[in-house]
Amino acid sequence: VLFNREVARRAELAFPYVEFDGDPYMVIRDNGELVWILDAYTSTDRYPYSQRLEDGTNYMRNSIKVVVDAYNGTITGYIADPSDPLVITYSRIFPGTLRRISEMPADIRKHVRYPRDLYRIQTILYATYHMDQPASFYHREDQWQQPTVNREQEADTDRFMRHLVMRLPDEPRAEYIYMAPFTPRGKDNLAAWMVARNDGDNYGRLRVYRFPRQSLVYGPRQIAARIDQDTEISRQLTLWDQRGSQVIRGELLVIPVEKALLYVQPIYLRAEGGKIPELKRVVVAFQNRVVMSETLESGLAQLFGGAQPTTIVDTTAVSDTATAPPSPVPVSGQDLAREAQTHYERALAAQRAGNWALYGEEIRKLGEALGRLNSRR
């Protein structure tokens, strides 16, 4: 009999001396068994000379990974950061409760990912601490912030943080990443985007790609404004909203495509009194062009098919990497657009089902198809 059946509650009772991430996730083992993985943090408010969060915390380490069997509730804790003095002390106080990360089964360890709450805090702090010149830091000359679309979203600092499977610029193969964009403080254009890497030896490494200051890269709020200002799109949406129906705008997806960004937003229509919205249009934005079409395939065809080449915005990484081989380009641009449409629909289906691994894989394939399509321009 399991008296405490809620997964997070069981973990908190077993390890009351740590704080837990708010996003536990389930994985499937090679034998088909289901387990939950929870990220746990050691933290304190007594670390000297360190920036404090709103709750006073100024030291935080993702030192423990907790695995909970979804069937029988067995709880196992693993030390993910053996260099953390706090987790070393706790392991001595409670001997036998924590195992080494090397003891974690391989079919579970390959699913370990970078924790959400820690990454969110790091992006908030890095928005200021990326300035490494004393004068710039003192005057806050180049402070960043998380992008928003409207004022109601300003408190939602992780709205555009996305798990993706994609090939990073200058990397030889695709990998599972956690992405977060930045805009300059008080401005809406994009300044940079950060990724947390999850695969193999790259787990836990952060990388930042900065956009050149002389190049204008539109941010989410600017793209949303361009959509509203487009006379044809605005007229159509207003017309639908006045006929006993409700227009619902889906999430504005930010998809890195080689060295540029593509924005995709689905438009749904729900009849008055109805409960199930219907996908009616897809808005696609690339650089300074915005189109709305019935499908992603036709929208991509309008953006890239037969258009004159434009300069792709370059990005500069903070670390050196290897050169990636060029992607093959299919013969037909229409085939590429159809392929992108297929991956987009599969990604939406995976998102609705909560299958984030499949969602990331389809988004990666979508990005590759869009990159090959853009190379034909």
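**Close-up views of a predicted model**

**View 1. The lining of the largest pocket mixes 21 nonpolar, nine polar and 13 charged residues.** Here Ala, Val, Leu, Ile, Met, Phe, Trp, Tyr, Cys and Pro count as nonpolar, Asp, Glu, Lys and Arg as charged, and the others, Gly among them, as polar. The volume of this pocket is about 1,400 Å³. Of its 43 lining residues, Y25, H111, R113, H163 and Y176 are the closest to the centre. Strand β2 gives the largest share of the lining, four residues. On a 1 Å grid over the protein atoms alone, a pocket is an open set of points where a 1.4 Å probe fits, with protein on both sides within 12 Å along at least five of seven lines; lining residues have an atom within 4 Å of a point. The volume is the space filled by probe spheres set on the points, which are joined across faces, edges and corners.

This is a predicted model, in which local features need pLDDT of at least 70 and side-chain atom pairs pLDDT 80 or more, while totals for chains, interfaces and linings use all residues. Residues are numbered from 1 along each chain, and side-chain values use heavy atoms, without hydrogens or water.

**View 2. Meet A285, a residue of strand β15 (residues 278–286).** Strands are DSSP runs of E, at least two residues, and helices runs of H or I, at least four, numbered from the N terminus. A285 is buried, with a relative accessible area of 1% (buried means under 20%, with a 1.4 Å probe and protein chains only). Its C-alpha atom is 5.0 Å from that of Y263, 22 residues apart along the chain.

Notes. Buried means under 20% relative accessible area, exposed over 50%, partly exposed in between (1.4 Å probe, protein chains only).
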